[in-house]
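Please study the sequence and the three-dimensional structure shown here. The report that follows describes selected parts of them in turn.

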Amino acid sequence: MEIVALMKQTPDTAQLSQRMDGLKLMAKGGPRIVNPWDEYALEAGIRLVEEHGGVCTILSMGKPETMEALKTGLAMGGKKTKAVFLGDPKFENSDSLCTARILAKAIQKVGDVSIVLAGKSAIDGDTANTAVQVAALLGMPYLGYVVEIKEVNVEEKTITVVRALEKGRETVTTTLPAVLSVLKELGEPRYASFMGIRKAAKAKIPRWGAKTLGLSPNEIGANGSLVAWPDVSLPPVKDANLEIIEGEPDEVAKVLADKLLAEKVI
Amino acid sequence: MKIFSVFDHYEGDVDAISYETVAIARKLADANNGTVVAVIMGHDVSDMAQSAIHHGADSAIVIDDATLKHFRIMAHGEALLKLAQDESPDIILLGANSNGRELAPYVAAKFGVGLASDCVDLEIDNGSLLATRPALAGNVMAKITFKKGTTQMATLRRRVYPALEADTSRSGDISTASAVLSEDDIPTKILGLETAEGEISLNDASIIVSGGRGVAGEEGFAPVKALADVLGGALGASRAAVDANWIPYKYQVGQTGQTVQPDLYIACGISGAIQHLAGMKTSKIIVAINKDPDAPIFQVANYGIVGDLFKYVPALTAEFEKRLK
């Protein structure tokens, strides 16, 4: 069974500090990481391959350093995974719909894909749009917030999952091929083995650009994008003047209760 | 200027974000000679139309169909897409709850229009939507501009814009439209639905009381939950507590959990890793209770108690029990 796991390389928010604010981190930051949500998607992909055979192709669009994220993925998945780098200067400044268009073309090029897996969102842009839009463009059913894959029926081409809703859970079935976005509950990502890391370091990862994917410049990048973000700034500084309340528990409770009632938050 | 404000509901109850969304739609319309059309998709939902008008819409369009009883992205998406194609609204707004964050990108992709997700502010600038949204876990704010000449879409984050009080003297046209897909056309079937009874969802909560590593075990959540209960709030947790299996994942606040923005967030025994702060630091008032005076959680807190949560949390519960009687 052909699986695709979508992956994005993101800044590492653990690098944030007094000296490294959000803007600096976006601009250069330190070492970049695999978007944490996407690790759950990849883990799910590897587990599906272990159960049903086939291969999980990791697709990642980004700048050349994205190769590092793909190697991290290959180190986790070993022989069960392949990787393709979607890299082209023409892809830069793509909005979520252009990104989805590029990913959708790449999924078609992988060919005969049964399940596309994505994380809930990317921790940098946090639009949570792209996976849904991939499904919409490919005309595939979409199942979001998946916490459990109950059954994949390869013969019947169906999948049954449990989705987390805001007020409960839903067991739902749909036809394959389908796009899933997954949550952490599906399973902790495995660590890369030493051998996996060594092999991944030497892996030759193909690059697919606009031409390979048959995309014209006016449907991708800044040209094809319908939204832009010309103005990115630091959020207003919250006026958090910390007031430490000291004393015995019952005294502290009285003081804090007065303050919270005065703040009208209770 | 015609603005669609799409309603969402669960098992017959309107999601509060729908009223917040229609309120911001009202603000945009009033400033730009516009009209607000509430769009309600579901089954047996016609009473929601009146309520939408009372909360700020000028009129409502109801798509009432058995296929729309529960949210399914394709069924709802195709219905909204068709309505948008027929009516050409200038702007379509949805609440950024889990359904809205699926429905909006689906329709935007199929309609070929721009979308700004999870916005904290919306304005009209030069006849075009200008959206403000946080990115990078709230560490930057981005202004999103739209290409002109097409419909513009946005989803509104919860609890950033207040709903209007219902005004029952407001009235407006209520019309109907049809669903697009028949049950046979919808590949996705819901086999079972399990509602989490008796819990307040973290997303809806105006008060959240969370426990972290300091609660030291499953039983340690009992006093934390007792405080949440007396305040009528929701229970939350840090990743450390979830990873230790003391509490289920659905309670996790932070980068790989939920982003919340309550009026009051009480962090009990949570050190305040950057990933946790990412999920809660925009809460209006933050109270931190921690033994370690150097814990980073105090950097974002308004009120701090340096001490043993097992002494202070029950004292707070007892005090609020008295006060809130």
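A:Gln133 belongs to helix α5 (residues 130-138) of chain A; helices (H or I, at least four residues) and strands (E, at least two) are DSSP runs, numbered from the N terminus. The model is predicted, so local features need pLDDT of at least 70 and side-chain atom pairs pLDDT 80 or more, while totals for chains, interfaces and linings use all residues. Residues are numbered from 1 along each chain as its sequence is written, chains are lettered from A and ligands numbered from 1 in written order, and side-chain values use heavy atoms, leaving out hydrogens and water.

A:Gln133 counts as buried because its relative accessibility is 1%; buried means under 20% relative accessible area, with a 1.4 Å probe and protein chains only. Its side chain reaches the backbone oxygen of B:Pro105 at 3.0 Å. Among the residues that A:Gln133 touches are A:Ser96 and B:Ala108, contact meaning heavy atoms within 4.5 Å.

In chain B, an open sheet of seven strands follows the order β7-β11-β6-β1-β4-β5-β12, with parallel pairing; strands pair if DSSP finds at least two bridges between them. Because β7 (114-119) and β12 of chain B each have a single partner strand, they stand at the edges of the sheet. β4(B) and β5(B) are joined by six bridges, and B:Val37 has B:Ser59 in β5(B) as its bridge partner.

The table lists elements of chain B that help to cover the buried residues of α2(B).

| Element | Residues |
|---|---|
| β2(B) | 9-10 |
| α1(B) | 16-31 |
| β4(B) | 35-42 |
| β5(B) | 59-64 |

Of the eight residues in helix α2 (residues 47-54) of chain B, six are buried.

Technical notes: Buried < 20%, exposed > 50% of the residue type's maximum accessible area, 1.4 Å probe, protein only. Polar contact = N/O pair within 3.5 Å; in protein donor to acceptor, adjacent residues only side chain to side chain. Lists of a residue's contacts leave out its neighbours within four places in sequence.
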